[in-house]
Amino acid sequence: MKTPLTERVYKALRRDIITAYFKPGEGLTEQMLAKRYSTSRTPVRQAAARAMQENLLRFLPNKGYFVNQISIDQLSELFQFRAIIESACAELAARREHAPEMLDRLHRAAAVRHERGNRKSYLRFIEADREFHVGVAQLTRNSFMVKAVEEMRDSVDRLLHLSLYIGDYGIYLDGHQEIFRAIRARNPELARKRMLEHVLEAKAMVLELI
């Protein structure tokens, strides 16, 4: 049974990995994690076990935990999944009529830019990027699609945060505005096309960084 303490530690550990506080390949011990999260080693061990199930950590006997690297194969699978799911989301969203406030919220997220070399603005962009893509899924009114995109976003967010660690955070993807306009115009074919182009552009940019 999950305890509130274990859940808190797990969420904090997961956040630290996704936001690249702990870098890929970095070694972690139960002692250092217990100190960081102000707890004992037992909830740390339980939280780490969950992180291993999500392929965020691996354990080596007599050495400890290590943050998993993101392999080329995993990247390819992630973006293949994104291309299929998110292009379908954009198409279905464009086939439906939406309340003005929902479109306004999506438009605001699509409009967020960041200044090259400005870390704070890039962090705001990561949040807006997540809000935009989840927002498109929510416009489908399909709970399975929303869940798929929400779960997928953790891997995408990790890649975006890692670009800060690598040192090139000048990425800006103009596709958001084009996708939004296609959805607002109720043009499902164009919405699907623009989302697919957007995901493939993101994949190419990520591959340039690694």
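## Largest pocket and a helix pair

Helix 7 contributes the most to the lining of the largest pocket, with seven residues; helices here are DSSP runs (H or I, at least four residues) numbered from the N terminus. The model is predicted, so that local features need pLDDT of at least 70 and side-chain atom pairs count only at pLDDT 80 or more, while totals for chains, interfaces and linings use all residues. Residues are numbered from 1 along each chain as its sequence is written, and side-chain values use heavy atoms, with hydrogens and water left out.

The volume of the largest pocket is about 470 Å³. Of its 20 lining residues, E54, L56, L78, D154 and S155 are the closest to its centre. A pocket is an open set of points on a 1 Å grid over the protein atoms alone where a 1.4 Å probe fits, with protein on both sides within 12 Å along at least five of seven lines, and lining residues have an atom within 4 Å of a point. The elements giving two or more residues to this lining are tabulated below.

| Element | Residues |
|---|---|
| Helix 1 | 4–18 |
| Helix 4 | 72–95 |
| Helix 7 | 143–166 |

Helix 4 also packs against helix 6 (residues 119–139), at an angle of about 55° and with the axes 7 Å apart. Axes are lines fitted to C-alpha atoms over the stretch in contact, and angles run from 0 to 180 degrees between N-to-C directions. Helix 4 is therefore oblique to helix 6, a term for angles outside the ranges under 35, 65 to 115 and over 145 degrees. In the contact (heavy atoms within 4.5 Å), helix 4 supplies R82, E86, C89, A90 and A93, and helix 6 supplies H133, V136, A137 and L139.

Terms used:
Grid points are joined across faces, edges and corners, and a volume is the space filled by probe spheres set on the points.
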